[in-house]
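User: I am new to this structure and would be grateful for a close look at a single part of it. Please take chain A and its surroundings, and explain each term as it arises.

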Amino acid sequence: MGAILTTDRLTKNFGGLTAVNDVSFSLEQGEILGLIGPNGAGKTTLINLISGAFPPSKGTITFEGRDITRDKAHTVNTLGIARTFQVVRIFSRLTALENVLAAMVDRKHKGPWSLVWDSFFRRACALTEDKESCATADSLLDFVGISKYRDEQAGNMPYALTKRLEIARALATQPKLLLLDEPSSGLNPAELTGQIDLIQKINAQGTSILIIEHVMKVIMGISHRLIVLHYGEKIAEGEPEKVYNDPLVVEAYLGGDSDAQH
Amino acid sequence: MSARLRNILLWIVALAVLILIPFVVEDRYFMHIAVMAGIFTILTLSWNLLAGYTGQLNLGHAAFYGIGAYTSAILAMQTGLSPWLGLFAGGLVAAVFGLMLGFPALRLSGPYLAITTIGFAEILRLVAMNWVDLTRGSLGLSGVPLLTPIKIGDFTMQFYFERDYYYVVVAGVLFTLFCIRRLIGSEFGVTLQAMRDDEAGAQSIGINPSSYKLAVFTISAFFAGFAGGLFAHFARLVSPELLALHNTFDILTMAMIGGLGTIAGPILGAVSLTILSEALRSMEEVLKIDIRLIVYGLLLILTILFMREGLVGVIKNVWARVKGDR
Ligand SMILES: Nc1ncnc2c1ncn2[C@@H]1O[C@H](COP(=O)(O)OP(=O)(O)OP(=O)(O)O)[C@@H](O)[C@H]1O
Ligand SMILES: [Mg+2]
């Protein structure tokens, strides 16, 4: 199987700080790639670069053979990359269902003006009256296990569940690659098992995954391979067990104020 | 009774009341107030589409109102275009200006956007003041033609009295309301609300905020221009004062007090404040101070402090309590 995503010598400077330094890696089709490293190692920045939140200072990003280095976040999503955020960014005044419905709009083919047209001239214009989209959105809410909150304002949901809502919303854009930024932070042990199951189910449906995670139980359990960042540089890559015991990695975690949980 | 049926009944009752009002209250002065309330309802609904649903503060909305009024008036006076078409032409020209303002507005937010939009309206007001050949400057255009009579079979509907305009404005409000409800309830509307709640989150699901903001600026301006046209043929006088900041301030106050980001809010706010402002006008004559602005300012502050969701929020809370008691 070939690589779905490749970064080549990716670098990001924030003023004098190099948050991501010369990072090259590939993510194989269908793979779950774990991304770990101490606090401030540059993991989130790397996901921000891939998802188009801001452009890199140097280097390139290739997705399915296409150069997406300079593409904006919304373009990157329509190409087939979806993401979640370390600190959730849900639509707090919309219901859980509407959060997912908002992500299901066919933006590849429709711009704002054709949506304006639709709102007047398409029969099932009113969102909640469109049975088909609602059924799909409902099944996604069910898939991540938050059906109960369907009509709840997202801002009123428990934090742990908003993380799941973000996953459902990301899946609604039918991504080929999903970028997860600490999906398990703030979850209790029982919820962790559920989260592992969920991520594996998503992967089983053919979605490739890049996942940042501090919770070792999760990342060791699901990753096919691991990448380790330290001060913005990639210091190790390979099978989870090997990487975990790599002296460089051990030192990175012991040296910094690590909050890795075993 | 199903929710849908109840909704339909509610609409029928509301419509019947609106149609019957002129038969009950025949006072011309009252009808005048009702027309202005309707015009401001359209203005507030359209301003709220931008501010309440995308979170962008446009303090130049009155400019679109003025552009619509001038366009419709000038077309009717100089080319003899039917004022009925002029209403929509006014909306379209305002929409073009909305698109023009939308472009720089994309790069700005918060106070910068607010100041830019004030500047935009102020520049256009000065143009209206100084392009004397077209606008007759500060004198304004007087004698704007009335809406032309409509013939249906043997029956001819004239547009002469306040009461006649009242029906036109009610139709205008319903038209605006219909369009805005459709927009908000659709995929387009959900997109706007997603952007308002979290722009980066919205981008992550493929939404290009710039293109949607431009679209909303344009649509919002269209309805303000349409309201301007209604005003021009009703008041028969169009002056640069229409583009002044205090009109935008009135619109903003109405939206805030009614309830930002709702559909009922702007209607409640516009109607109640138009009536209040007429009540204060008579007090002003006695007190000899500009009490209206003071009251508006106070109401705005109180709303922001104690009822963020406006009158709509208050009604919702009271309703919930009444329901809870049973
Ligand atoms: N937008 C930004 N502007 C300036 N500096 C930034 C920005 N984003 C991140 N940084 C800095 O870049 C470095 C890497 O941050 P990043 O968030 O990528 O780390 P991380 O590996 O995700 O850490 P954590 O485990 O705490 O989430 C940090 O020093 C951070 O302060
Ligand atoms: Mg991070």
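Analyst: The following account treats the domains, the metal site, the nonpolar cores and the contact between chains in turn.

This is a predicted model, in which local features need pLDDT of at least 70 and side-chain atom pairs count only at pLDDT 80 or more, while totals for chains, interfaces and linings use all residues. Residues are numbered from 1 along each chain as its sequence is written, chains are lettered from A and ligands numbered from 1 in the order in which they are written, and side-chain values use heavy atoms, with hydrogens and water left out.

Chain A is assigned domain 1 (1-80 + 175-247) and domain 2 (91-159); such bounds come from an automatic or database domain assignment. Taken over C-alpha atoms, the centres of domain 1 and domain 2 of chain A are separated by 28 Å. Five residues of domain 1 of chain A are in contact with four residues of domain 2 of chain A, contact meaning heavy atoms within 4.5 Å. Between these two domains of chain A an area of about 460 Å² is buried, and carbon and sulfur atoms give 70% of it. Buried area is the accessible area (1.4 Å probe) that two parts lose on being put together, summed over both. On the side of domain 1 of chain A, 71% of the area buried against domain 2 of chain A is supplied by Thr78(A), Leu198(A) and Lys201(A), more than by any other three residues.

The metal site comes next. Thr44(A), through OG1, and Gln86(A), through OE1, coordinate the magnesium ion (ligand 2) at 1.9 to 2.1 Å. Because Thr44(A) lies in helix α1 (residues 43-50) of chain A and Gln86(A) in the loop between β6 (81-83) and α3 (96-104) of chain A, the pair ties together parts that are 42 residues apart in sequence. Donors are N, O and S atoms within 2.8 Å of the metal (3.2 Å for Na, K and Ca); water is not among the atoms, so sites may look incomplete. Helices (H or I, at least four residues) and strands (E, at least two) are DSSP runs, numbered from the N terminus. Thr44(A) is partly exposed at 25% relative accessibility, and Gln86(A) is partly exposed at 32%. Buried means under 20% relative accessible area, exposed over 50%, and partly exposed in between (1.4 Å probe, protein chains only).

The largest nonpolar core has 138 residues, of which Leu165(A), Ile39(B), Phe188(B) and Val238(B) touch the most other members. Its largest share, 15 residues, comes from helix α10 (residues 209-235) of chain B, and at least three residues come from each of domain 1 and domain 2 of chain A. A nonpolar core is a set of buried Ala, Val, Leu, Ile, Met, Phe, Trp, Tyr and Cys residues joined through side-chain atoms within 4.5 Å. Leaving aside neighbours within four places in sequence, Leu165(A) has contacts that include Ile90(A), Val100(A), Leu141(A) and Met157(A). A second, separate core of 25 residues has among its members Ile4(A), Val20(A), Val23(A) and Ile50(A).

Finally, the contact between the chains takes 32 residues from chain A and 31 residues from chain B. Together chain A and chain B bury about 2,800 Å², with 63% of it on carbon and sulfur atoms. In chain B, the residues that lose the most area to chain A are Arg182(B), Glu187(B) and Ile205(B), together 25% of what that side buries.
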